[in-house]
Amino acid sequence: QVHLVESGGGLVQPGGSLRLSCAASGSIFSIYGMIWYRQAPGKQRELVATIASGGSTTYADSVKGRFTISRDDAKNTMYLQMTSLKPEDTALYLCNADVRTTYWVRGAYWGQGTQVTVSS
């Protein structure tokens, strides 16, 4: 079993910053790609940023230049540094990871999410 736990969300004013974390634990052989998604009420889930096992990254156009994704493989943890936050960034932020748990078994796992609210 693999568990992903997000943390770091909260209430922040427009223009502020937050750093989200996604910590993986459990039976982990290796972690491949990791992804941050977000979902706002009444909207579809949106891919925010991805980071491959080699460190290459991609971003949604809406967050480019403001968000930075990173990972610490020694800690099995992924981060999302968010700056210049806007009210439209308000959402539940979820992490997803592609994890090999044994030599033969590999699958995608989700966390429960951490809420980010941007409001004055």
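Modeller: Welcome! This is a predicted model, and among its contacts between residues at least 6 apart in sequence, 54% join residues at least 24 apart.

Biologist: What counts as a contact in that percentage?

Modeller: Two residues are in contact when they have heavy atoms within 4.5 Å.

Biologist: Which secondary structure elements does the chain have, and how many?

Modeller: There are 11 strands and zero helices, which gives an uninterrupted β pattern along the sequence.

Biologist: What makes the chain as compact as a globular protein of its length?

Modeller: The radius of gyration is 14 Å, close to the 14 Å that the globule rule gives for 120 residues, so the chain is as compact as a globular protein of that length. The C-alpha trace spans about 50 × 25 × 25 Å along its principal axes, and buried residues account for 39% of the 120.

Biologist: How do you know that Cys 22 and Cys 95 form a disulfide?

Modeller: Their sulfur atoms are 2.1 Å apart, and the cut-off asks for a pair within 2.5 Å, so the pair qualifies. The structure holds one disulfide. Cys 22 sits in strand E3 (residues 18-26) and Cys 95 in strand E9 (residues 91-100), so the link joins distant parts of the chain, 73 residues apart. The link is right-handed, with 65° about the S-S bond, and both Cys 22 and Cys 95 are buried.

Biologist: Why is Arg 66 called buried?

Modeller: Its relative accessibility is 10%, and buried means under 20%, so Arg 66 counts as buried. Arg 66 lies in the loop between strand E6 (57-59) and strand E7 (67-72). Leaving out residues up to four places away in sequence, Arg 66 touches several residues, among them Gln 81, Ser 84 and Asp 89.

Biologist: What does the side chain of Arg 66 reach at 3.0 Å?

Modeller: The backbone oxygen of Ser 84. With a cut-off of 3.5 Å for a pair of N or O atoms, that distance is within the limit for a polar contact.

Biologist: And why is Ser 84 called partly exposed?

Modeller: Its relative accessible area is 40%, between the 20% limit for buried and the 50% limit for exposed, so partly exposed is the right term. Ser 84 is in the loop between E8 and E9, and has a positive phi near 45° without being a glycine.

Biologist: Where is Asn 76, and what is its phi?

Modeller: Asn 76 belongs to the hairpin of E7 and E8, which has four residues between the strands, and takes a positive phi near 50°. At 25% relative accessibility, Asn 76 lies above the 20% limit for buried and is therefore partly exposed.

Biologist: How do you know that E7 and E8 pair?

Modeller: Pairing needs at least two bridges, and E7 has six with strand E8 (residues 77-82), so the two strands pair, in the antiparallel sense. One of the bridge partners is Gln 81 in E8, facing Thr 68 across the pair. In E7, Phe 67, Ile 69 and Arg 71 form the covered face, while Thr 68, Ser 70 and Asp 72 form the uncovered one. In a regular strand, side chains alternate between the two faces of the sheet.

Biologist: Which residues have the most contacts inside the largest nonpolar core?

Modeller: That core has 29 residues, and those with the most contacts inside it include Trp 36, Phe 67, Met 82 and Tyr 93. E9 gives the most to this core, with five residues. Tyr 93 touches residues including Leu 20, Trp 36, Phe 67 and Met 82.

Definitions and conventions: Residues numbered from 1 in each chain as written. Predicted model: local features only at pLDDT ≥ 70, side-chain atom pairs only at ≥ 80, totals over all residues. Heavy atoms only, no water. Buried < 20%, exposed > 50% of the residue type's maximum accessible area, 1.4 Å probe, protein only. Polar contact = N/O pair within 3.5 Å; in protein donor to acceptor, adjacent residues only side chain to side chain. Core = buried A, V, L, I, M, F, W, Y, C linked by side-chain atoms within 4.5 Å. Rg over C-alpha atoms; globule rule 2.2 N^0.38 Å.
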